[in-house]
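User: I have a structure open and want to learn how its labels are earned. Can you take me through them?

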Amino acid sequence: MPQLSTIKIYLFYCISVILLLIKYAPYSVSSFYSYFPLIEICFIFYFYVFRTNYAVYLLIFLMTIIFDTIDNNIIGSTALIVFLTLYIFAFQKKLFWYNNFKEIWIGFTVFLIEFNIIKILIYFLVNQSYTDFQNLIYVNIITILFYPILHNIFYYLSLLLEKNHDPA
């Protein structure tokens with residue numbers, strides 16, 4: 001019989017995948033999909049940067065491959081963007097103490113801006129295509145505004161990984 005901690009980890013991964021795929025549920029309504037917050041970036045920031053390595057590289061890689069296939073991007077381009085952003089932000093991470101939520105929110109905003117700069121550069125170099133900046137700005141503002149809600153959802157999801165948490 002598997003241990004309770006193993007079951008918790010698998011449950012965490014299942015819930016995480018479902019939560020991240022919610023973004024693609026209203027895919028038929030393109031106006032709603034175009035302005036939906038970037039849940040995957042919030043997830044990566046919370047579970048890899050803020051909570052320090054709760055999400056492993058393999059999960060991030062598989063997640064980005066799934067998003068590339070759904071978004072019809074070149075396979076691996078989102079993974080490249082995310083890993084470059086994580087690499088660059090690893091040096092800046094020391095600037096944030098994360099003592100209060102305001103610092104967490106500022107750290108997320110910096111992470112999101114870096115992600116978008118790298119995304120614009122990679123997409124331009126690979127696809128020779130330009131980015132719709134108006135849509136990009138709207139999506140980023142919506143993502144930044146919704147981050148506190150997503151932060152709380154991720155907090156309750158992270159309780160699955162806590163060793164001393166007793167749900168009773």
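Analyst: Start with burial. Buried means under 20% relative accessible area, exposed means over 50%, and partly exposed lies in between (1.4 Å probe, protein chains only). Of the 168 residues of the protein, 38% count as buried. This is a predicted model: local features need pLDDT of at least 70, side-chain atom pairs count only at pLDDT 80 or more, and totals for chains, interfaces and linings use all residues. Residues are numbered from 1 along each chain as its sequence is written, and side-chain values use heavy atoms, with hydrogens and water left out.

User: Why is Cys42 called buried?

Analyst: Its relative accessible area is 0%. The limit is under 20%, so Cys42 is buried.

User: Why does Cys14 count as partly exposed?

Analyst: Cys14 has 47% relative accessibility. That value falls in between the two cut-offs, so Cys14 is partly exposed.

User: How many disulfides does a search of the whole structure find?

Analyst: The search finds 0. A disulfide needs a pair of cysteine sulfur atoms within 2.5 Å.

User: What makes up the secondary structure?

Analyst: There are 7 helices and 0 strands. Both are DSSP runs, numbered from the N terminus: helices are H or I with at least four residues, strands are E with at least two. Helix H7 covers residues 133-158.

User: Where is the kink in H7, and how is a bend defined?

Analyst: The kink lies at Tyr147, shortly before the proline Pro148, and comes to about 50 degrees. The bend is the angle between axes fitted to the seven residues ending at a residue and the seven starting there. Tyr147 and Pro148 are among the buried residues of H7.

User: Why is Asn116 called buried, and what is it in contact with?

Analyst: Asn116 is found in helix H6 (residues 101-127). Its relative accessible area is 5%, so Asn116 falls under the 20% limit and is buried. Contact means heavy atoms within 4.5 Å. Leaving aside neighbours within four places in sequence, Asn116 is in contact with Leu136 and Asn140. Those two are among the buried residues of H7.

User: Why does Leu161 count as partly exposed?

Analyst: Leu161 lies in the segment after H7. Its relative accessibility is 22%, in between 20% and 50%, so Leu161 is partly exposed. Leu161 and Phe12 are 149 residues apart in sequence, yet 7.2 Å apart in space, C-alpha to C-alpha. Phe12 is one of the residues in contact with Leu161.
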